[in-house]
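Open the model in your viewer and keep the selection box at hand. Each stop below tells you what to select and what you will find there.

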Amino acid sequence: MGARNSIVLFFFMLFALSSASPKHKNKYKPCKHLVLYFHETVYNGTNAADATSAIVAAPQGANLTILAPQNYFGNIVIFNDPITLDNNIHSKPVGRAQGFYLYDTKDTISAWFGFSFILNSTDYQGSINFIGPNPVFEKTWDISVVGGSGDFFMHRGVATLRTDAFEGKYFFRLHVDIKFY
């Protein structure tokens, strides 16, 4: 019986080892994918009715309607922007992008974002939370999806952003390609 038990144990271990290391590794595939746009109009001192964001902190001596010199370093901007399914600012909003960004580098224009998409459409209810840097001169950049609520409870993933349009310092639109894993 000793030899028989050894053979069974040998085949059991061989089977366990062969199934533990798959021959073909699968690449991660998103379990859910969304593409949304958010439209931002920065308050400039004359557009209070249309503004969806405002500078709330600035370096000493700077004012809150003009971005600071030296790559906007030290400015903090809060926003409450409409989110749409397409790039038309007049489309029906499906939610709001709410959060802040701060300009964090003196040598170039760079911002750091922390925000949520609050969705309240018939398709989706809940929030998606994002955090990460925005290297302004990059064509696209990735930020982390760090959680959510409602239909997006405990979601994780990555959002690839790109500037879809901008007009001077006071309006821009971001294309946000979200992949949940």
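The tour goes from strands to aromatic rings, then to loops and the surface.

**Before you start**

This is a predicted model, where local features need pLDDT of at least 70, side-chain atom pairs count only at pLDDT 80 or more, and totals for chains, interfaces and linings use all residues. Residues are numbered from 1 along each chain as its sequence is written, and side-chain values use heavy atoms, with hydrogens and water left out.

**Stop 1: strands β5, β6 and β7**

Select residues 110-120 for β5 and 125-135 for β6. Strands here are DSSP runs of E, at least two residues long, numbered from the N terminus. β5 and β6 are antiparallel partners, with 11 bridges. Two strands count as paired if DSSP finds at least two bridges between them. A hairpin of four residues leads from β5 into β6.

Now add β7, residues 140-150. β6 pairs with β7 too, again in the antiparallel sense, over six bridges. The hairpin from β6 to β7 also runs through four residues.

Stay on Phe130. Its bridge partnership is with Phe115 of β5. Opposite Phe130 in β7 stands Val145.

**Stop 2: the aromatic rings**

How many aromatic pairs does the structure hold? There are 17. Rings of Phe, Tyr and Trp (its six-membered ring) pair if their centres lie within 6.5 Å; planes under 30 degrees apart count as stacked, over 60 as edge-to-face and the rest as tilted.

Show Tyr101 and Tyr103. This pair is edge-to-face, at 5.7 Å centre to centre and 85° between the planes. Both Tyr101 and Tyr103 are buried. Buried means under 20% relative accessible area, exposed over 50%, and partly exposed in between (1.4 Å probe, protein chains only).

Next, show Phe115 and Phe130. Their rings are stacked, with centres 4.7 Å apart and 20° between the planes. Phe115 sits in β5 and Phe130 in β6, so the pair ties together parts that are 15 residues apart in sequence. Phe115 is buried, at a relative accessible area of 4%. Phe130 is buried as well, at 3%.

Then widen the selection to Phe38, Tyr72, Phe79, Tyr101, Tyr103, Phe113, Phe115, Phe117, Phe130 and Phe172. These residues form one aromatic cluster.

**Stop 3: Tyr72**

Pick Tyr72 out of that cluster. Tyr72 lies in the loop between β2 (53-57) and β3. Its phi is positive, about 65°, although Tyr72 is not a glycine. Is Tyr72 buried or exposed? Tyr72 counts as buried, because its relative accessibility is 15%.

**Stop 4: Phe153 and Met154**

Move to the loop between β7 and β8 (157-167), and select Met154. Met154 also has a positive phi of about 65° without being a glycine. Met154 is exposed, with a relative accessible area of 53%.

Phe153 is in the loop between β7 and β8. Phe153 counts as exposed, at 59% relative accessibility. Draw a C-alpha to C-alpha distance from Phe153 to Ile128. The gap is 8.3 Å in space and 25 residues in sequence.

**Stop 5: Ala51 and Thr41**

Select Ala51, in the loop between β1 (32-41) and β2. Ala51 counts as partly exposed, at 24% relative accessibility. Leaving aside neighbours within four places in sequence, Ala51 is in contact (heavy atoms within 4.5 Å) with Thr41, Val42 and Tyr43. Which residue lies 119 places from Ala51 in sequence but 8.9 Å away, C-alpha to C-alpha? That residue is Tyr170.

Now click Thr41, in strand β1. Thr41 is buried, with a relative accessible area of 15%. Not counting residues up to four places away in sequence, Thr41 touches Asn47, Asp50, Ala51, Thr52, Ser53, Tyr170 and Phe171.

**Stop 6: a surface patch**

Finish with a surface view. Select Val56, Ile78, Phe100, Trp112, Ile131 and Val146, which make a nonpolar surface patch of about 450 Å². Patch residues have over 30% relative accessible area and no salt bridge; nonpolar side chains (Val, Leu, Ile, Met, Phe, Trp, Tyr) are joined within 5 Å, and like charges within 9 Å. A salt bridge is a side-chain nitrogen of Lys or Arg within 4 Å of a carboxyl oxygen of Asp or Glu. Areas come from the Shrake-Rupley method with a 1.4 Å probe; for residues, only the protein chains shown count as cover.

End on Ile78, in strand β3 (residues 76-84). Ile78 is partly exposed, with a relative accessible area of 42%.
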